[in-house]
Amino acid sequence: MDALAAPGGADTLDALMTRGAAFLGTRHAILGGAMSWVSERNLVAALSNAGAFGVIACGAMTPERLAEEIAATQALTDKPFGVNLITMHPQLAALVDVCLAARVGHIVFAGGIPPTPAIRQAKEGGAQVICFAPAVALAKKLVRSGADALVIEGSEAGGHIGPVSLNVLAQEILPQVRDVPVFVAGGIGRGEAILSYLEMGAAGVQLGTRFVCATECVAHPDFKRAFIRGAARDAMPSAQVDASFPVIPVRALQNAGTRRFVEHQVKVIRRFQAGELSKEAAQLEIEHFWAGALRRAVVEGDIENGSVMAGQSVGMVTREQPVAEIIAELLAQARAALAARRARS
Ligand SMILES: Cc1cc2nc3c(=O)[nH]c(=O)nc-3n(C[C@H](O)[C@H](O)[C@H](O)COP(=O)(O)O)c2cc1C
């Protein structure tokens with residue numbers, strides 16, 4: 001019998017999480033994926049206080065606003081948490097400086113391949129760098145560029161997504177990338193799935209959708225209600241009408257906004273075809289459709305016209321619960337799966 005295996009399966013689960021938890025400085029190797037407008041001080045501190053790892057979503061915040069949010073989070077928790085920075089932010093270097101000045105231990109670069117100078121700046125300032133790797137070759141390149149850990153996020157996830165499911169990414173990347181801890185994200189809603197990915201070699205997991213209905217989360221009650229009502233099949237990637245006018249794929253609950261987005265694309269493309277708009281102007285008009293739409297849904301509660309970004313695991317969100325209860329539930333499911341397996345063998 002495995003020396004680490006206790007009757008409840010608890011010790012083995014902890015053993016599987018050891019590398020990820022040590023990297024994060026947490027009790028559990030569970031990251032709360034940064035969600036713009038959602039992952040602010042309250043949810044982030046609640047996650048870290050519950051033994052997971054909260055991550056502030058910087059989004060479009062200015063450096064001053066980010067400094068304020070970090071300080072407010074530090075006032076609510078003395079546990080480690082990270083900051084997620086979008087690589088195309090025009091003040092990326094200043095944002096990294098804000099994180100370093102506040103002694104944030106982990107910086108997550110999202111929304112594209114991070115520039116090597118930004119990685120270097122973060123590392124030289126003493127932070128651990130976490131990057132998103134959408135494919136094996138890129139994963140290896142990011143490790144060579146200095147990434148201390150990677151997140152692989154499957155297309156099941158909420159928000160901006162790549163084309164490949166976590167099921168496939170995990171098989172492609174986990175056996176090949178051993179030098180740094182790899183965290184997996186996308187579609188995880190229960191502990192059994194967490195256990196499976198850990199057993200495949202993941203250092204830990206990142207969940208977003210499952211934490212939106214946390215009691216501590218400040219999202220508008222109607223945004224939370226949409227999650228509680230939503231089924232996996234309602235969380236769809238944004239539709240693209242014409243390949244010459246690419247649409248950034250975002251997984252969100254279908255609503256009046258997503259339906260109007262299709263009509264909007266058709267109208268804009270017709271104006272381009274009639275010579276009323278240049279190709280660039282048409283592309284911009286298509287992209288502008290969703291400007292401010294996530295804030296409208298999360299903060300104002302306009303779940304019909306806003307962007308209700310949600311992953312396919314939304315069907316497993318059934319009620320509002322405190323973060324600590326969600327984490328405990330996930331861990332209990334993973335441990336029960338381990339115990340059941342042991343009972344069979
Ligand atoms: C409402 C929402 C907003 C998100 N915003 C961001 C973001 O600002 N930056 C980012 O890197 N990921 C963002 N994500 C992705 C999450 O960090 C996380 O990786 C994802 O939710 C994991 O998949 P899951 O939703 O299936 O759990 C967002 C996800 C959601 C649902």
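**Exercise 1. Which domains does the domain assignment of the protein chain give?**

Before we start, note that residues are numbered from 1 along each chain as its sequence is written. This is a predicted model, in which local features need pLDDT of at least 70 and side-chain atom pairs count only at pLDDT 80 or more, while totals for chains, interfaces and linings use all residues.

Step 1. The assignment gives domain 1 (10–217 + 318–340) and domain 2 (231–309); such bounds come from an automatic or database domain assignment.

Step 2. Taken over C-alpha atoms, the centres of domain 1 and domain 2 are 27 Å apart.

Step 3. Now look at where they touch: 8 residues of domain 1 are in contact with 11 residues of domain 2. Two residues are in contact if their C-beta atoms, placed from the backbone, lie within 7 Å.

**Exercise 2. Describe strand E5 and find its partners.**

Step 1. Helices (H or I, at least four residues) and strands (E, at least two) are DSSP runs, numbered from the N terminus. Strand E5 covers residues 128–132, and 5 of its 5 residues are buried. A residue is buried if 20 or more other C-beta atoms lie within 10 Å of its own, exposed if 12 or fewer, and partly exposed in between, with C-beta atoms placed from the backbone.

Step 2. In a regular strand the side chains alternate between the two faces of the sheet. Here Gln-128, Ile-130 and Phe-132 point one way from E5, and Val-129 and Cys-131 the other way.

Step 3. Strand E4 (residues 106–110) pairs with E5 in the parallel sense over 4 bridges; two strands pair if DSSP finds at least two bridges between them. Phe-109 has Cys-131 in E5 as its bridge partner.

Step 4. E5 also pairs in the parallel sense with strand E6 (residues 149–153), over 3 bridges. There, Cys-131 stands opposite Leu-150.

Step 5. Follow the chain from E5 through helix H6 (residues 136–144) to E6: this β-α-β crossover is right-handed. With the strands pointing away from the viewer, the path from the first strand over the helix to the second then runs clockwise.

**Exercise 3. Why does Glu-216 count as buried?**

Step 1. Find Glu-216 in the loop between strand E9 (204–207) and helix H9 (221–229).

Step 2. Glu-216 counts as buried because it has 21 C-beta neighbours inside 10 Å.

Step 3. Leaving aside neighbours within four places in sequence, Glu-216 is in contact with Asn-42, Leu-43, Ala-46, Pro-322 and Val-323.
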